[in-house]
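Grab a coffee and work through these exercises with the structure open. Try each task before you read its solution.

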Amino acid sequence: MTIEELEQIAKNVQQENAGYDYEVNVCLDLACASQGADKLREALAKAAEASGKRVLVRRTGCMGPCSHGPLVRVDPEKTLYHRVKADKAGAIVESLGRAPLPELQCDLNEHFDRQVRVVLENAGQIDPEKIEDYIAHDGYKALLTVLTEMTPDGVVHRITESGLRGRGGGGYPTGLKWGTVAKAAGETKYVICNGDEGDPGAFMDRSVMEGDPHRVIEGMAIAAYAVGASKGFIYVRAEYPVAVSRLTTALREARRHGLLGNNIGATPFNFDIEIRLGAGAFVCGEETALLASIEGRRGTPRPRPPFPAASGLFGKPTLINNVETYANIAPIVRNGGKWFHDMGSERSKGTKVFALTGKITNTGLVEVPMGIKLREIIETIGGGVPGGHKFKAVQTGGPSGGCIPAEMLDVGVSYDALLKMGSIMGSGGMIVMDDTSCMVNVARFFIEFCMSESCGKCIPCRAGTSQMHTLLTRICSGQGTMDDLELLEELCITVKEASLCGLGQTAPNPVLSTLKYFRHEYTEHILEKRCSAGVCQMEAAVEVMA
Amino acid sequence: MSTFMPPPLPSDDKRWKIVNGTMRKSGFARHALIETLHTVQSSFGYLDDDAIRFVASSLRVPLSQAYGVVTFYHYFSLKPPGKHTATVCAGTACYIKGADKLIAAAEKKLGIGQGQTTSDGQISLMTARCVGACSRSPVALCDGEVVGEMTPEMMTEQLEKWSVE
């Protein structure tokens, strides 16, 4: 496959699409599919055929505002319809070429206007199982350009110049990581994509893998060229069967088109990718645990150094990046490092995809420039807290993150600002809580999670999280004392400082951040035996008092 | 050095051929352990002692290590699932939106706890860490199908339907 052949495919798709007067895009991502989007698509296809109009009905990945699903977008007018049921298919097809249907039309201009789409640029635009659709949207152009016009060093330089930082949560500079692996000695090197999206409440990576799988593959292939690897692995959660099947199809199609395999783009570059399934262990998001899991062993982390860049999979130099990091690569190569560097805040460049969920009006996926205020994400894009309730906190970073209170909403989102507030960027889950959530109970929820997900290798994490859970359970049931609170804080410091890997080191964050911003809720539970959110059952306390 | 001969298939059940195929694809390499266990579970529904033994000896992995892997990962199950399975998502977004009420309703209706199967083998009640459908929370998987914005009433109704089948 050469660039000319690629352009020919793109041209063919455009020609084919020009044969249609209208394109009806149906979102078939999990949220919409669970509300009957599949039947809707069938009905639309049937109605389109019966109408005699030239209509292309296309299934797409996630369009974003999942709470409005099932979503349908009619092009070229870009009319967005929400909560569409299958019985409306006839009316939609009939309205093509006339005025749009006001009862289904969805006004989310504010929601979309504040977003900048880089990773999600194709989301809702292409059929994820058609490589031609991806190619028609400049797909694989970056890969072939890199192979024919750039040196591996040049690619590393461009990524470094862009200022991209790892999107899995840690925020390590991607260019620096690539440079280290590129310089590592050894014939055999590996490139790994971490698709083990274990943070409960986050689904950005799932949407990218399901909605635009070739973007991830292209990013990995460019990375492999830059660091000198010829073999890659995508490690995906087994809980994401659709992502696995979309990636499998995408890999097959890429091979068929000569975009994976030997002599890609008629150059000496060889690269292929295999899928490895996770098996439900949160700790496997940690890179050394992930490597152990790909090698078929228990996913327990090991001390670093040596870092995977020097000794990773099967002892070879290995590059590990997150799904979203790879998804940023092709646009950076196409548009230049400076283009990316110009977006975002001082030390956090580009955009970030967030999964907005919990007590918020517009749940779903959003992509915003770094540096945007949390308030804008929650109130303008997210539409605020529904049902007349009051915003209490937003949780970022999953079990390793923290809860950010209302007073801090005017802070701009960046790796450093979130860290300063006692949370982390994490992979991008953003869970909004209102006055019906008890922050002590939330802390207990996360500690319970970390306790059961602790691999058990190091004692501070294994025993510490279990003791923290006991203390928090006591407080939540009204049996806690002020001494317990002191002990809890002490334990947090011990677990944070003495644990082997990121899971243990960050496990106390939800407790520490709620203690910092919502200490009064803890003391209320202990001194007044009361949970003002009404979540914790204080039965034990009542018995003691009686 | 004699060449390694993989053990014979445990029975003439065709599913063992699928399992063997997964191992053959990787040249019976040890690192194919998790892949192979996935194939066993998707073919048989769970992992029993015979299956673990067969896979371990085919891949030349110590039994202790194979068992260690099976018990380490939540996804692997050592018990056969019921005819129907209700899986309540216990991710953060679902927790905030009241997944605990769904679990309580199901436990009450079935008289079993999470991770258990009713004595007639009809229904299993499971929890999941997060199925990634957070925008529709609280979510439950009813025989693998995502049901969003589920209420305790809907849960009880679904279980009722299954139990009278």
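**Exercise 1.** In this predicted model, find out in which sense S9(A) and strand S10 (residues 364-369) of chain A pair, and over how many bridges.

*Solution.* Start with the pairing: S9(A) and S10(A) run antiparallel, with 6 bridges between them. Next, pick out a facing pair to get your bearings: Ala355(A) sits opposite Leu365(A) in S10(A). Then trace the connection, and you'll see a hairpin of 5 residues leading from S9(A) to S10(A).

**Exercise 2.** Now work out which way S9(A) and strand S13 (residues 429-434) of chain A run, and whether S9(A) is enclosed or open.

*Solution.* First, S13(A): S9(A) and S13(A) are parallel, joined by 4 bridges. Leu356(A) is the residue to look for here, since it stands opposite Met430(A) in S13(A). Second, do the burial count, where a residue needs 20 or more other C-beta atoms within 10 Å of its own to be buried. Strand S9 (residues 351-358) of chain A scores 8 of 8 buried, so the rest of the structure largely encloses it.

**Exercise 3.** Give the strand order of the open sheet of 4 strands in chain A, then say why one side of S7(A) and of S8(A) has no neighbour in the sheet.

*Solution.* Read across the sheet and you get S7-S6-S5-S8 (chain A), with parallel pairing. Strand S7 (272-277) and strand S8 (318-322) of chain A are at the edges with a single partner strand each, so one side of each lacks a neighbour in the sheet. From one strand to the next, the twist averages 20 degrees. Zoom in on strand S5 (residues 190-195) of chain A: 5 bridges link S5(A) to S8(A) in the parallel sense, and Tyr190(A) is opposite Thr318(A) in S8(A). Finally, add helix H11 (residues 213-227) of chain A, which packs on the sheet and touches S5, S6, S7 and S8 of chain A. The direction of H11(A) makes about 150 degrees with that of S5(A).

**Exercise 4.** Describe how domain 2 of chain A meets domain 3 of chain A.

*Solution.* Begin with the bounds: the domain assignment puts domain 2 at 138-341 and domain 3 at 351-434. Their C-alpha centres are 27 Å apart. Now count contacts: 15 residues of domain 2 of chain A touch 16 residues of domain 3 of chain A. On the domain 2 side, the largest share, 3 residues, belongs to helix H10 (residues 204-211) of chain A. Sort that side by class and you have 4 nonpolar, 6 polar and 5 charged residues.

Methods:
Residues are numbered from 1 along each chain as its sequence is written. Chains are lettered from A and ligands numbered from 1 in the order in which they are written. This is a predicted model: local features need pLDDT of at least 70, side-chain atom pairs count only at pLDDT 80 or more; totals for chains, interfaces and linings use all residues. Domain bounds come from an automatic or database domain assignment. Two residues are in contact if their C-beta atoms, placed from the backbone, lie within 7 Å. Helices (H or I, at least four residues) and strands (E, at least two) are DSSP runs, numbered from the N terminus. Ala, Val, Leu, Ile, Met, Phe, Trp, Tyr, Cys and Pro count as nonpolar, Asp, Glu, Lys and Arg as charged, and the others, Gly among them, as polar. A residue is buried if 20 or more other C-beta atoms lie within 10 Å of its own, exposed if 12 or fewer, and partly exposed in between; C-beta atoms are placed from the backbone. Two strands pair if DSSP finds at least two bridges between them. Axes are lines fitted to C-alpha atoms, for helices over the stretch in contact, and angles run from 0 to 180 degrees between N-to-C directions.
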